[in-house]
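Please look through this model with me. My notes follow as numbered points.

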Amino acid sequence: MTGRPTALVTGASRGIGFAIAHRLAEAGYDLIVCARRAGTVADAGRRLASTGARVHAEQVDLAAEEDVRRLIEVCQERCDRLDVLVLGAGIGTAGPIEEVPLRRFDKVFAVNVRAPYALVQALLPLLRKGAAANPGRGAKIVALASITGIYPSPGLAAYGASKAALGALCRSVNAEASASGVSATVISPGYVDTDMTEGVRDEVDPATMISTSDIAELAMSVTRLSVNAVVPELVVTRPGGQLHRA
Ligand SMILES: NC(=O)c1ccc[n+]([C@@H]2O[C@H](COP(=O)([O-])OP(=O)(O)OC[C@H]3O[C@@H](n4cnc5c(N)ncnc54)[C@H](OP(=O)(O)O)[C@@H]3O)[C@@H](O)[C@H]2O)c1
């Protein structure tokens with residue numbers, strides 16, 4: 001791409017991923033963004049480019065191995081280095097453990113865990129180059145997990161398990177790569193007001209949910225930290241007496 005810092009943001013067409021991508025674009029990053037649906041990711045790419053950032057938008061189904069491979073190739077072809085990797089794409093599923101079919105469990109893990117693992121594995125060399133280009137700051141991975149990966153929520157076992165696994169992946173990145181400048185932060189929020197929480201709006205007033213701009217603010221703070229400050233996890237709860245609930 002250019003000499004400017006570069007970020008890959010998955011799940012950037014809407015919700016939290018779009019909010020973070022927008023803040024990165026405003027902060028002077030060139031972007032590669034992806035999402036599952038061609039129309040929404042192209043539209044997001046245009047909106048992000050209107051900030052003046054160079055944006056490449058790619059339609060990618062992260063549940064499909066060949067698409068993950070193509071996304072990796074796009075990054076390798078277009079980027080000399082990667083400064084920020086935002087693992088934003090994720091899918092939910094709801095239902096008691098006895099009722100969620102294993103094929104649904106596998107899909108959730110494919111998108112929420114396997115694709116992030118494959119991206120981190122293949123893109124670590126570019127992230128190490130990003131860290132070398134900016135030794136004071138290093139390169140950052142920011143992964144969107146969930147409070148359900150830490151505290152149980154009835155009906156969210158598969159989703160929570162996938163987010164716990166994503167957190168473990170990020171902690172391993174810190175153990176293996178933070179000494180050479182690549183660190184990972186997992187952000188674990190309760191309900192954020194996005195399309196994903198549309199189904200719980202009858203029980204939880206969206207006005208009381210965490211905002212996408214709150215999460216984007218945390219993600220941007222992480223990108224500004226020095227290489228010496230490794231933040232493994234940020235847990236974000238909604239106000240109230242039961243702080244551990246989604
Ligand atoms: N909202 C919450 O309450 C909440 C709380 C904690 C954690 N999180 C996590 O935060 C992240 C963002 O959540 P959100 O609420 O912003 O979600 P969202 O509004 O549902 O957006 C999901 C994003 O991921 C993309 N995506 C979904 N499946 C994909 C696939 N198979 N391949 C590629 N991209 C895919 C979507 O693309 P399309 O537009 O093309 O579908 C969209 O850009 C997720 O990982 C979620 O688990 C959310």
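1. Helices (H or I, at least four residues) and strands (E, at least two) are DSSP runs, numbered from the N terminus. Helices α1 (15-26) and α5 (157-177) each supply at least two residues of the shell around the ligand.

2. A word on the source. This is a predicted model, where local features need pLDDT of at least 70, side-chain atom pairs count only at pLDDT 80 or more, and totals for chains, interfaces and linings use all residues. Residues are numbered from 1 along each chain as its sequence is written, and side-chain values use heavy atoms, with hydrogens and water left out.

3. Which residues come nearest to the ligand? They are S13, R14, A145, Y159 and T194, out of 32 around the ligand. Here a residue is near if one of its heavy atoms lies within 4 Å of the molecule. The shell divides into 16 nonpolar residues, ten polar and six charged. Ala, Val, Leu, Ile, Met, Phe, Trp, Tyr, Cys and Pro count as nonpolar, Asp, Glu, Lys and Arg as charged, and the others, Gly among them, as polar.

4. Now the ligand's oxygen atoms. A backbone N or O atom of R37 lies 2.7 Å from one oxygen atom of the ligand. For a polar backbone atom of I16, the distance to a ligand oxygen is 2.8 Å.

5. Next, a salt bridge (a side-chain nitrogen of Lys or Arg within 4 Å of a carboxyl oxygen of Asp or Glu). The count is ten. In one, the side chains of D30 and R4 meet at 2.9 Å, N to O. D30 lies in strand β2 (residues 30-35) and R4 in the segment before β1 (6-10), so the pair ties together parts 26 residues apart in sequence.

Technical notes
Polar contact = N/O pair within 3.5 Å; in protein donor to acceptor, adjacent residues only side chain to side chain.
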